[in-house]
Amino acid sequence: MLVLAQIPPARYKAWAPWFYLMGVILLVAVLVIGESGQGAKRWLNLGIIRFQPSEMIKLSLLLFMAYSLAKKREKMESFKTGILPHILVVGLMMGVWFLSSSMAERPFVVDVANKSSPSRD
């Protein structure tokens with residue numbers, strides 16, 4: 001965490017789309033070559049390490065949604081160009097994640113989607 005704290009926020013902003021793409025690829029990899037644990041296929045075994053990509057997905061989804069919402073701030077009034085793309089991004093991640101993860105991890109994605117939607121006060 002100390003290392004990650006030293007990275008400037010602008011760098012995270014530039015990396016956000018790549019983190020998201022890597023997350024989707026890792027989730028698909030879990031579906032194809034993943035290992036099961038406690039009833040859910042959610043582990044990747046890379047020989048040296050064995051990890052759950054879903055932990056990285058949580059961060060990548062938050063970073064990407066923050067990046068995208070900030071970038072499209074002016075377009076958020078339009079459903080087609082402002083809101084629909086974000087629904088699709090979260091929907092893609094949720095679809096792949098739901099196929100591979102346990103029930104315990106699913107509420108996180110739904111919560112991110114809910115908190116990312118613009119409020120109309």
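In which helix does P17 lie? The tour below arrives at that residue after a view of the whole chain, and P17 is found in helix α2.

**Before starting**

The structure is a predicted model, in which local features need pLDDT of at least 70, side-chain atom pairs count only at pLDDT 80 or more, and totals for chains, interfaces and linings use all residues. Residues are numbered from 1 along each chain as its sequence is written, and side-chain values use heavy atoms, with hydrogens and water left out.

**Stop 1: the whole chain**

Display the protein chain as a cartoon. Its secondary structure comes to 5 helices and 3 strands. Helices (H or I, at least four residues) and strands (E, at least two) are DSSP runs, numbered from the N terminus. Followed along the sequence, the elements of the chain give the pattern α-α-β-β-β-α-α-α.

Next, display the surface. The accessible surface of the chain comes to about 7,900 Å², and 68% of this belongs to carbon and sulfur atoms. Such areas come from the Shrake-Rupley method with a 1.4 Å probe; for residues, only the protein chains shown count as cover. Of the 121 residues in the chain, 32% are buried. A residue is called buried under 20% relative accessible area, exposed over 50%, and partly exposed in between (1.4 Å probe, protein chains only).

Contacts also deserve attention here. A contact means heavy atoms within 4.5 Å. Among the contacts in the chain with a separation of 6 or more, 55% are between residues 24 or more positions apart.

**Stop 2: helix α3**

Select residues 53-71, which form helix α3. This helix has 19 residues and reaches 26 Å from its first C-alpha to its last, close to the 27 Å expected at 1.5 Å a residue. The expected span is 1.5 Å times one less than the number of residues.

Now colour the buried residues of α3: P53, S54, I57, S60, L61, F64, M65 and S68. They lie on the same side of α3, because they cover an arc of only 135° around the axis. The arc is that of the directions from the helix axis to the C-beta atoms.

Select L59 as well, which has its place in helix α3. L59 counts as partly exposed, at 47% relative accessibility. A distance drawn from L59 to A16, C-alpha to C-alpha, is 9.5 Å, although these residues are 43 apart in sequence.

**Stop 3: aromatic rings in helix α2**

Show the side chains of W15 and F19, both in helix α2 (residues 9-33). They are 4 residues apart, about one turn of the helix. A search of the whole structure finds 4 aromatic pairs. W15 and F19 form an edge-to-face pair, with 5.9 Å centre to centre and 85° between the planes. Rings of Phe, Tyr and Trp (its six-membered ring) pair if their centres lie within 6.5 Å; planes under 30 degrees apart count as stacked, over 60 as edge-to-face and the rest as tilted.

Which residues form one aromatic cluster with Y12? They are W15 and F19. W15 is partly exposed at 32% relative accessibility, and F19 is partly exposed with a relative accessible area of 23%.

**Stop 4: P17 and the rings opposite**

Return to P17 in helix α2, a partly exposed residue with a relative accessible area of 23%. Leaving aside its neighbours within four places in sequence, P17 is in contact with F64 and Y67. The C-alpha atoms of P17 and L63 are separated by 8.3 Å, with their positions 46 residues apart along the chain.

Select F64 and Y67, which are 3 residues apart in helix α3, about one helical turn. Their ring centres are 6.0 Å apart and their planes stand at 45°, so the pair is tilted. F64 is buried, with a relative accessible area of 12%.

**Stop 5: the nonpolar core and helix α4**

A nonpolar core is a set of buried Ala, Val, Leu, Ile, Met, Phe, Trp, Tyr and Cys residues joined through side-chain atoms within 4.5 Å. The largest one has 13 residues, and those with the most contacts inside it are Y20, L27, L61 and M93. The elements giving two or more residues to this core are α2, α3 and α4 (79-100), and α4 provides the largest share, 6 residues.

Finish with G82 in helix α4. G82 is buried, at 0% relative accessibility. Beyond its neighbours within four places in sequence, G82 is in contact with K75 and M76.
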